[in-house]
Amino acid sequence: MTQDSDPPASGEALPADSKLTTTKQRWAREGKFLTGRVARPESDRLPPGQHLVRDWPVLDLGLQPRIPLDHWRLDVTGEVEQPVSWDWAAFRAQKQTSEVTDIHCVTTWSRYDNRWEGVATRDLLDIVMPKAGATHVVLHSHDGYTTNLALEDFAAEDALVVHSWEGEPLTVEHGGPVRLVVPHLYFWKSAKWLKQIEFRTADQRGFWEERGYHNHADPWLEERYSDDE
Ligand SMILES: Nc1nc2c(c(=O)[nH]1)N[C@H]1C(S)=C(S)[C@@H](COP(=O)(O)O)O[C@H]1N2
Ligand SMILES: [Mo]
């Protein structure tokens with residue numbers, strides 16, 4: 001009769017509860033060596049030339065407009081079949097989307113895991129229906145700021161017109177009541193204090209794009225300055 005302490009007859013070298021086996025089981029649970037987010041090395045998540053911050057810096061032109069909710073409107077204009085002018089109630093009645101995305105600012109800070117809530121640009125596009133000739137979007141803000149996007153960048157899966165961050169209304173300093181968030185581009189494309197989304201048949205550079213910043217702004221390609229276009 002075989003005793004409990006005998007080596008397994010199957011030729012298996014390691015008992016099921018050996019340190020290595022449990023470690024491997026943990027790796028499997030955590031998805032180690034897979035390309036998903038859980039085990040992705042931090043270095044792969046940070047675009048070139050960026051460093052990580054924990055706080056959330058404030059950057060603007062030195063003007064932080066306060067727009068009371070009862071005066072707030074969002075106008076969607078230009079090359080669309082169905083222009084809209086939403087007041088606060090109409091905007092909040094739209095289908096809501098929540099997402100966690102990273103911020104990459106051209107001034108080299110990045111901030112991970114920002115939880116946003118708002119209206120997905122894809123849902124907005126379904127409502128306003130850009131005309132066949134629409135190729136670009138210009139965002140207009142209450143402080144006079146503008147920034148431009150190709151329609152496909154505006155329509156990115158994770159782009160949102162947001163009103164909340166981490167479950168709280170977006171503060172004025174960060175662009176509340178409503179800003180755009182386009183996570184796959186440098187953060188200057190994410191217009192704060194948004195008041196108008198203009199659809200166009202041609203591109204038109206915005207505030208920073210006219211002042212030496214790259215027209216496209218992909219952080220993974222380090223599209224920081226217009227010299228590199
Ligand atoms: N209306 C408006 N939107 C803006 C800006 C601005 O000056 N005005 N600055 C841009 C820049 S350069 C950056 S980095 C981010 C900063 O957003 P934050 O202050 O919430 O970090 O907003 C972008 N959107
Ligand atoms: Mo910026």
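**Briefing: two loops and the ligand 1 site**

P177 is placed in the loop that runs between β9 (168–169) and β10 (179–181). The model is a predicted one. P177 is joined to G176 by a cis peptide bond, and ligand 1 occupies the space of the largest pocket. The points below take the loops, then the ligand, then the pocket.

**Backbone features in loops**

- The cis peptide bond between G176 and P177 has an omega of about 10 degrees.
- E166 lies in the loop between β8 (160–165) and β9.
- Although E166 is not a glycine, its phi is positive, at about 50 degrees.

**Residues around ligand 1**

- The surroundings of ligand 1 comprise 20 residues, of which P57, D143, H174, R179 and K192 come nearest.
- By class, the shell around ligand 1 holds 13 nonpolar, three polar and four charged residues.

**Polar contacts and cover of ligand 1**

- The side chain of D143 places an N or O atom 2.7 Å from a nitrogen atom of ligand 1.
- For S190, a backbone N or O atom is 3.0 Å from a nitrogen atom of ligand 1.
- An oxygen atom of ligand 1 lies 2.9 Å from a polar backbone atom of L59.
- On its own, ligand 1 has 530 Å² of accessible area, and the protein covers 97% of this.

**The largest pocket**

- The volume of the largest pocket is about 360 Å³.
- Its lining consists of 23 residues, and those closest to the pocket centre are L59, D60, Y145, W188 and W208.
- The lining of the largest pocket divides into 15 nonpolar, four polar and four charged residues.
- L59 is thus named twice: among the residues closest to the centre of the pocket, and as the residue with a polar backbone atom 2.9 Å from an oxygen atom of ligand 1.
- D143 likewise appears twice, as one of the residues that come nearest to ligand 1 and through its side-chain contact at 2.7 Å with a nitrogen atom of ligand 1.

Key. Residues are numbered from 1 along each chain as its sequence is written. Chains are lettered from A and ligands numbered from 1 in the order in which they are written. This is a predicted model: local features need pLDDT of at least 70, side-chain atom pairs count only at pLDDT 80 or more; totals for chains, interfaces and linings use all residues. Side-chain values use heavy atoms; hydrogens and water are left out. A residue is near a molecule or strand if one of its heavy atoms lies within 4 Å of it. A polar contact is a pair of N or O atoms within 3.5 Å; within protein, one must be able to donate a hydrogen and the other to accept it, and residues adjacent in sequence count only if both atoms are side-chain atoms. Accessible areas come from the Shrake-Rupley method with a 1.4 Å probe; for residues, only the protein chains shown count as cover. On a 1 Å grid over the protein atoms alone, a cavity is a set of points where a 1.4 Å probe fits but cannot get out, and a pocket is an open set with protein on both sides within 12 Å along at least five of seven lines; lining residues have an atom within 4 Å of a point. A molecule sits in a cavity or pocket if more than half of its atoms lie within 2 Å of its grid points. Ala, Val, Leu, Ile, Met, Phe, Trp, Tyr, Cys and Pro count as nonpolar, Asp, Glu, Lys and Arg as charged, and the others, Gly among them, as polar. Grid points are joined across faces, edges and corners, and a volume is the space filled by probe spheres set on the points. Helices (H or I, at least four residues) and strands (E, at least two) are DSSP runs, numbered from the N terminus.
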